[in-house]
Amino acid sequence: MHLRYSGFRPLWIELNWKLMAVEAVAGKKSKVVVVGGGIAGSLLAKTMQYDADVILIDPKEYFEIPWAKWRCMVQPSFAERAVIGHTEYLTQGRLIVSPAAKVTENHVYTADNRCIPYDYLVIATGHADSAPLSKAERLQQFQNENQKIQSASSILIIGGGPNGVELAGEIAADFPEKKVTLVHGGPRLLEFLGSKASSKTLEWLTSKNVDVLLNQTVDLFDKYGDDVYRTSARETIIADCHFMCVGRPIGSSWLNATILDKSLDESGRLMVDEHLRIKGWKNVFAVGDITDVPELKQGVFAQKQALVAAKNIKQLIKGKEKRMETYKAGYIMAIVALGRKDAVAECPLATLIGPIPGKIKSKDLFVGKTRRNMGLDRKASS
Ligand SMILES: Cc1cc2nc3c(=O)[nH]c(=O)nc-3n(C[C@H](O)[C@H](O)[C@H](O)COP(=O)(O)OP(=O)(O)OC[C@H]3O[C@@H](n4cnc5c(N)ncnc54)[C@H](O)[C@@H]3O)c2cc1C
């Protein structure tokens, strides 16, 4: 069913559109395909599962709270709550475990050669990742990373964005005896925040004996033996192990050379309208970090978008397009955890560091809250 919208709608598109609503009225459920089972896609799939035939396509069998992964490495038992099998919350929908590889006007094709028809499509492939297929393998991976940390006396972290800073904070707080060096290519840490947040974070890390080297990179091919690394400024770092903490690429490369490639902006994000529909399309939505909505890319907004898009798809299914909700871009506090008690937070009026913002995020990293949103017990492990 082709529902591309180009201002003037030919009669057959109009008829198709009405037919879709009629089918829903007649009791036949619409097919909603959600591509990407991260923060946004999984919540949308869960929310829609009683209103439509929902199919979730994700490369892994589980949903993982992305920002909890560093805590899962220093404390692998934490992963039992932060890694959630898709089937635990998606009790009515269908799960297809494979990356999506291509999209056409009526179908999504997966890398394992399945062809999935849709009436409504939601793209939620925020960031590409290379995590293992099963939850058991993922939990084992956290155990292995933990062993690596436990047995090292010196650790090199490459990347001073939120990932590198949160990992450095976790290790400094839980293993104060270990020598941690953080190397960042840019002039300041946490460049997505203001310079006040960067300097306060640098002070905090330095006070915990983390060596921070700015404006330098590490070439992993330029190593001497197992434990001697060299930076671009010719400094030598001795470390028993290293962690690459650079950001993950936007998960839109699979859309190149498909019907949606013209909908990608220059940074690879999908351009959406106020209802979170991909511009020019009537039945194709995008939610989460993959969208070009002008706001900080945060899970809390990804969830808000998922709920708005779910409402809008429900209205379309009922044939009530005019009742669709408008998504309003937001700005709230951005918080970067610094171990279990502290955090650095930036909001429009102030930048704070220490236990006050730490109380909001660092103890549980919003894991209980996210589990509750997914209809699961906040405390129990899955
Ligand atoms: C260190 C750090 C700390 C953060 N802290 C916070 C915080 O405290 N609060 C907050 O609100 N936000 C935080 N964020 C931001 C938050 O993680 C993101 O905004 C959020 O994860 C975006 O969700 P998403 O569903 O759009 O994308 P993702 O969570 O990236 O999920 C994308 C999903 O799509 C899947 N996928 C990718 N490609 C394909 C494909 N081809 N086919 C099928 N599936 C595919 C992936 O496997 C994944 O499951 C933090 C980010 C970082 C890096």
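Visitor: What does Lys31 stand opposite in S2?
Guide: Lys31 has Asp53 across from it in S2. Bear in mind that this is a predicted model.

Visitor: How do S1 and S2 pair, and over how many bridges?
Guide: Strand S1, residues 31–35, runs parallel to S2, and five bridges connect the two.

Visitor: How many residues of S2 are buried?
Guide: Five of the six residues in S2 are buried, and the strand is mostly covered. S2, residues 53–58, also gives two or more residues to the shell around the ligand.

Visitor: OK, the ligand. How many residues surround it, and which are the closest?
Guide: The ligand has 36 residues around it. Gly36, Gly38, Gly126, Gly288 and Gly299 are the closest.

Visitor: Which elements besides S2 give two or more residues to that shell?
Guide: Three helices do: H2 (39–48), H7 (162–174) and H9 (299–317).

Visitor: And by class, what does the shell have?
Guide: There are 17 nonpolar residues in the shell around the ligand, along with 12 polar and seven charged ones.

Visitor: Changing topic. Where does Lys178 lie?
Guide: Lys178 is in the loop that runs between H7 and S11.

Visitor: Why does Lys178 count as partly exposed?
Guide: Because Lys178 has 18 C-beta neighbours inside 10 Å, and a residue needs 20 or more to count as buried, or 12 or fewer to count as exposed.

Visitor: What is Lys178 in contact with, leaving aside neighbours within four places in sequence?
Guide: Lys178 contacts Ala152, Ser153, Ser154, Ile155 and Ile171. Of these, Ser154 and Ile155 fall in strand S10, which covers residues 154–158.

Visitor: How far is the C-alpha of Lys178 from that of Ile313?
Guide: The two C-alpha atoms are 51 Å apart, and 135 residues separate Lys178 from Ile313 along the chain.

Visitor: Back to S10. What order do the strands of its sheet have?
Guide: The order is S12-S11-S10-S16, an open sheet of four strands with parallel pairing. Its edge strands are S12 (210–213) and S16 (241–244), each of which pairs on one side only. From one strand to the next the twist averages 20°.

Visitor: Which helix packs on that sheet?
Guide: Helix H8, residues 195–207, packs there and touches S11 (179–183) and S12. The directions of H8 and S12 make an angle of about 140°.

Visitor: How many bridges are there between S10 and S16, and what is the partner of Ile157?
Guide: Four bridges hold S10 and S16 in a parallel pair. Ile157 has Phe243 in S16 as its bridge partner.

Visitor: What about the sheet with S18, which way does the pairing go?
Guide: That open sheet has three strands in the order S18-S19-S20, and the pairing is antiparallel. S18 (334–338) and S20 (350–354) are at the edges with a single partner strand each, so one side of each has no neighbour in the sheet. The twist averages 10° between one strand and the next.

Visitor: How many bridges join S18 to S19?
Guide: Five bridges join S18 to S19, residues 342–347. One of the pairings puts Ala334 with Glu346 in S19.

Visitor: Now the whole chain. How many helices and strands?
Guide: The chain has 11 helices and 20 strands. Of its 382 residues, 45% count as buried.

Visitor: And what is the radius of gyration?
Guide: The radius of gyration is 22 Å, which agrees with the value near 21 Å for a compact globule of 382 residues. Along the principal axes, the C-alpha trace spans about 70 × 40 × 35 Å.

Terms used. Residues numbered from 1 in each chain as written. Predicted model: local features only at pLDDT ≥ 70, side-chain atom pairs only at ≥ 80, totals over all residues. Rg over C-alpha atoms; globule rule 2.2 N^0.38 Å. Pairing = 2+ DSSP bridges. Axes fitted to C-alpha atoms, helices over the stretch in contact; angles between N-to-C directions. Contact = placed C-beta atoms within 7 Å. Near = placed C-beta within 6 Å. Nonpolar A, V, L, I, M, F, W, Y, C, P; charged D, E, K, R; others polar.
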